[in-house]
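Biologist: Before we look at anything, could you show me the model and then take me through how its features are read?

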Amino acid sequence: MEGVDHLAHERSKAQFDVDQMKVVWVGSRHALQVSDRIARLVASDPVLRKDDRTMMTRKELFKNTLRKAAHGWKRINELRLSEEEASWFRHYVDQPAYTDLHWGMFVPFIKGSGTEEQQKKWLPLAYKMQIIGCYAQTELGHGSNVQGLETTATFDPKTDEFVLNSPTLTSSKWWPGGLGKAATHAVAFARLITDGKDHGVNGFIVQLRNLDDHLPLPGITVGDIGMKFGNGAYNSMDNGVLRFDNVRIPRDQMLMRVAQVTREGKYVQSNVPRQLLYGTMVFVRQTIVADASTALSRAVCIATRYSAVRRQFGSENGGVETQVIDYKTQQSRLFPLLASAYAFRFVGEWLKWLYTDVTQKLQANDFSTLPEAHACTAGLKSLTTSATADAIEECRKLCGGHGYLSNSGLPELFAVYVPACTYEGDNIVLLLQVARFLMKTVSQLPSGKKPVGTTSYMGRAEHLIQCRCNVQKVEDWLKPSVILEAFEARAIRMSIACAQDLSKFSNQEEGFAELSSNLAEAAVAHCQLIVVSKFIEKLQQDIPGKGVKEQLQNLCNIYALYIIHKHLGDFLSTGSITAKQASLANDQLRSLYSKLRPNAIALVDAFNYTDHYLGSVLGRYDGDVYPNLYAEAWKDPLNESVVPDGYREYIQPLLKNQLRNARL
Amino acid sequence: MDGSDHLAHERSKAQFDVEKMKIVWAGSLYAFQVSNRIARLVAGDPAFRKENRAVLSRRELFKNTLRKAAHAWKRITELGLSEEEASWLRFYVDELSYAYVHWGMFVPAIKGSGTEDQQNKWLPLATNMQIIGTYAQTELGHGSNVRGLETTASFDPKTDEFIIHSPTLTSSKWWPGGLGKIATHAVVYARLITDGQDHGVHGFIVQLRSLDDHLPLPGITVGDIGMKFGSGAFNSIDNGFVRFDHVHIPRNQMLMRVSQVTREGKYVHSNVPRQLVYGAMVYVRQIIVVDASIALSRAVCIAARYSAVRRQFGSENHEISGTRVETQVIDYKTQQSRLFPLLASAYAFRFIGEWLKWLYTDLTQKLEANDFSTLPEAHACTAGLKSLTTSAAADGIEECRKLCGGHGYLTSSGLPELYAVFVPACTYEGDNIVLLLQVARFLMKTISKLPSGRNYKLSGATAYMGHMEHYLIKYSCNVQKAEDWLKPNTILEAFEARAIRMCFACAQNLTKFADQSEGFSELSTDLVEAAIAHCQLIVVSKFIKKLRQNIEGNGVKQQLETLCYIYALHLIHKNSGDFLSTGCLNPKQASLANDQLRSLYAKVRPNVIALVDAFNYSDHFLGSVLGCYDGNVYPRLYEEACKDPLNDSVVADGYGEYIQPLLNQQLLNARL
């Protein structure tokens, strides 16, 4: 292509230092340098190209994934990449593979739940990839309710072994990534049974396949669960099914950090507190929040660039058509998503800090902040993944018809992202957990127990119940304290209303079930407040770079006022703001959009995504969309021949009215 | 499979006559019988099986689609099916092919825009499928703005021909279905130019491929535009591009019903009114609304049945014959509050589609009698309802997928493909936001003419605006207890008040701008919201109107009433910001609506499986392991998994090259 930057004019309009913003986005100068270097390394490696992915058959795609994973591991070793670099490398390869589960679930779980001895035995094997691990928890008939799992691990004192069984069809392990075709080992979760007694669900290391010929071991039935949503996407992963028929494993392959089975078959708890397991959950979900901001920012980057390239209507006066990004309807759908990408980035950063903080406290046997941290992470996982999934799809629609083409990158981005709403805790189930925590917090208010962390605003319940928003003119909506108080008032009033309605039920559980929709809404209000407040907190830090902070302030205000507009019913029905104030917020939002407009392209450039990683013809950095769309079209397999396969059998006889005698 | 009905208990709980409801859903006993017969015909024909669709490569999928289309045409002619039956057959084949565009766009375009002569020449060829047609309007750089199209058709008086030409890359025709590989002919939209003068966009019949060997004719570059969203879905159809390099066609291949070019190259209008073209638009969009109700109802059927099969948590309190079982997911209020409004929406959209069909017939009769008075309102109404129903159905399908938990993500659930195949309806035949702005423009015009009252008839769905004064000044909602929300008039008034107040507020804000079009674009977001309020009112009011008819069958009407209230009250809850900020409701009333909604969910709960059974979808058409009629989900899921190509061999293809050397630490020397 010609090498002209079709978006140069847009870039020249930016009112801030894009390079400094890149540092803010990725978290530090060091992180920017590392990620940038590895991104280029991956982008320039022909083995790792991915533009042909959606045209492959399942088998080709899977084999291609195995190839990339092997190649990736080879490069990581050849170049002696650090753990940090290796994880960036896998990130930029951008194709779900068994390695995601090996590094993201199998290894952390052995670290978190294995005894020191177990770690010494298994971790070196896993680190060198002499074994490949997966994480087998969910079953065909059992997802969110881990306590409902059916797989059994029965201790046999005669042989000092556990015997694993899948007693029913619905107990088949179902979904684990890497299980179907690649993994040699699994952490499998099963009901521990000793001497006829059920001790609930525990984790076990189980070898699945022979290390010589990769065949499943005796008693193990294993396979892939079939095609999933979209082209490419998670079809590169062998999500699998697994059934145990009297599979025996040595006793020391039960993960025994928290509870053990002795040689005699006694079940005993160790002195390691169970709460440590929640620490792992906080860790995993915090990564998911960071992933949400990444996925959302990719979609926003594509939609923003193409909205600046694409023109439509407005040529009545003879000139060129108007850039789509200049339409208010486009801005009011796109810009809040851009703001959300930044908001989720910062809340993810904060969660990372929270995880470190919780870990330190847990190690000092301080469990006081754990319930709050757990609720907060669960809620933010739910909020950010739901918003991101919807937003990716909205970005696709914002690209008009061409967003529907695979080469826009958006269909695959959506398909590969959306399971995040379901895995690691279904989003609705998580909100109900948050709601439960909120109700407990509210119920303890009269006792004078001080709410901690993200619930500390509830300590000011008395004030927040009666305070009045004092916005009188449009500019008042730019004050962080005003915004914060409106969100706090709405959240606490919704929580308290729920608590009052609950008290009308004689049976608390029944009340909770009956009011669960309202409770989920109250939980959302609480989580949105957290995102807004952490964004505002971020802005109180020192942020270097010309104009950088101003842009972030603008984005923060857009995020908050857009949420107010979207959830207006909440704010009005709780009397947190008035109808007049709502209308002023809306007016302010419109001017914020205008303020953002000249900076939009630079704000997505700050994500620093290569064209390889973005994987979108519409989102190309240079904006040279149409010639590339045309060139891509020719690559479709259907264009390999002028007259299509099947013409002679199915089209010609039809046109010649000879179908009656044709064998079809 | 064990052959027993795992949902029998659910079905036994129904409080109404399902067979009668099937007739209400289908529209008439006759429609029910025809569709039911053809559905069975298709489901029983092994050539039409579709469960393997997602694993096929693009080429295999496409070839398979050609086979199905040919087979369908063969069966249609063999059985001597009527036009109505044939269209049901194509519908139940449920795989997009050139045939849909041929029958749905090409033939109607010639009927609507061709002269009698042209129809006599082309329609017999098309209806015998001696030619295959497509509809080539959108271009690579031009979608919604038809006036911006770049393709030219210049009249050459020397040869009495038009020269069709693509002057730029962005003028390449792009998207037409069937164009890429199959169509022999197209109705091509191009700027008509005579004697250097541009007369705007007109339609032309252009032959694309030789009828002997299917090769593109000279000057024509044509191909497929590539893979689209999802597996299966629209990848079975060859959406295409075409570029014209000075392609000559005879003058009589311009569609000349409304305007002509004479032998001398003069551009003249016929006495056929231009407005007729809008009639065709109303027709197409009305069909899309019906499609929305069908797509949504399929998704709801799957999600409802699987929610009754699936159990989760709560095993503390539940026992069946002595063993603890978990709670059916459908019994959770969070599930109900997401699923039941979608069930209600499916019915609501069904009835609004039915009404639009009537509207179209009514409009056609008026147009033929040269009465154009109701056209603007009918046009705005259809545009708005297309936008509203397709957006809601697309979101609803994806929500149904999520309501199925993890398994909804498997292609065997049918939901990923259902979503991928439906969602373009939000974009084609008018982008949904662009359409809402058209509605808003019409509403603003209506309001601006209100004070004078003269020369402007408040017709059809805007009639309520005649009560502007009442709603702006006197109206206040009189709901005091939850039961008050079960009065149709109360609901209707609240929706009317909200729509009027939002429209009026927009109109007032507009007057603050010196430049009207600047104001319109600045306030476009508010205008869109006002348009949605208007369209939701139409859906609610037509549902209520439907209930005032005589509806047969034990309990049928009661169920529909419950669904109607659920639809209306869930909208009030979802858009409570509108209702509260316009002062149509107070917070107390909004909260009562929410309370009422919860009891309505409890009321509809025992009837839910029967209400989705009433759609009368065969397992073949539904195409979902999770939604199968007998509810025997898990053995089927397991069976389907075994069919994946990855399970053809125990050890995966690629193990020797990429896994073994890795495990054996021999990667460094490997050639990958």
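Modeller: What follows goes from the contact between the chains to domains, strands and single residues, and throughout it should be kept in mind that this is a predicted model.

Biologist: Where two chains meet, how many residues of chain B are in contact with chain A, and which helix of chain B gives the most to that side?

Modeller: An interface can be described by counting residues in contact, where contact is taken from the distance between C-beta atoms, with a cut-off of 7 Å. Here 104 residues of chain B are in contact with 108 residues of chain A. On the side of chain B that touches chain A, helix H4 (residues 58-78) of chain B gives the most, with ten residues. By residue class, that side of chain B holds 50 nonpolar, 36 polar and 18 charged residues.

Biologist: Which domains does the assignment give for chain B, and how many residues of domain 1 of chain B are in contact with domain 2 of chain B?

Modeller: The assignment gives domain 1 as 110-272, and domain 2 as the segments 278-313, 327-456 and 486-613. Taken over C-alpha atoms, the centres of domain 1 and domain 2 of chain B are separated by 36 Å. Eight residues of domain 1 of chain B are in contact with ten residues of domain 2 of chain B, and the side belonging to domain 1 divides into three nonpolar, five polar and no charged residues.

Biologist: Along strand S2 of chain B, which side chains are buried and which are not?

Modeller: A strand is read by following which face each side chain points to, and in strand S2 (residues 152-156) of chain B the side chains alternate. Ala153(B) and Phe155(B) point to one face and are buried, while Thr152(B), Ser154(B) and Asp156(B) point to the other and are not.

Biologist: Which strands are joined to S2(B), and do they run parallel or antiparallel?

Modeller: Strand S3 (residues 161-165) of chain B runs antiparallel to S2(B) and is joined to it by five bridges, with His165(B) as the bridge partner of Thr152(B). The hairpin of S2(B) and S3(B) has four residues between the strands, and Asp160(B) takes a positive phi near 60 degrees there. Strand S5 (residues 185-194) of chain B, by contrast, runs parallel to S2(B) and is joined to it by three bridges; in this pairing Ser154(B) stands opposite Ile193(B).

Biologist: Where does Glu429(B) lie, and is Glu429(B) buried or exposed?

Modeller: An annotation is taken from a record and then placed in the model: the unreviewed UniProt entry covers Glu429(B) with "active site", and Glu429(B) lies in the loop between helix H11 (415-422) and helix H12 (432-448) of chain B. Glu429(B) counts as partly exposed because it has 18 C-beta neighbours inside 10 Å, whereas a buried residue needs 20 or more. Leaving aside neighbours within four places in sequence, Glu429(B) is in contact with Val284(B), Arg285(B), Ile288(B) and Lys386(B).

Biologist: For chain A, which residue does UniProt list as "active site", and where does Glu424(A) lie?

Modeller: UniProt lists Glu424(A), again from an unreviewed entry, and Glu424(A) lies in the loop between helix H11 (410-417) and helix H12 (427-444) of chain A. With 18 other C-beta atoms within 10 Å, Glu424(A) is partly exposed. Beyond four places in sequence, Glu424(A) is in contact with Val284(A), Arg285(A), Ile288(A) and Lys381(A).

How values were computed:
Residues numbered from 1 in each chain as written. Chains lettered and ligands numbered in written order. Predicted model: local features only at pLDDT ≥ 70, side-chain atom pairs only at ≥ 80, totals over all residues. Helix = DSSP H or I, 4+ residues; strand = E, 2+ residues; numbered from the N terminus. Nonpolar A, V, L, I, M, F, W, Y, C, P; charged D, E, K, R; others polar. UniProt positions renumbered as here; feature names shortened; annotations may be inferred. Buried ≥ 20, exposed ≤ 12 C-beta atoms within 10 Å, placed from the backbone. Pairing = 2+ DSSP bridges. Domains from an automatic or database assignment.
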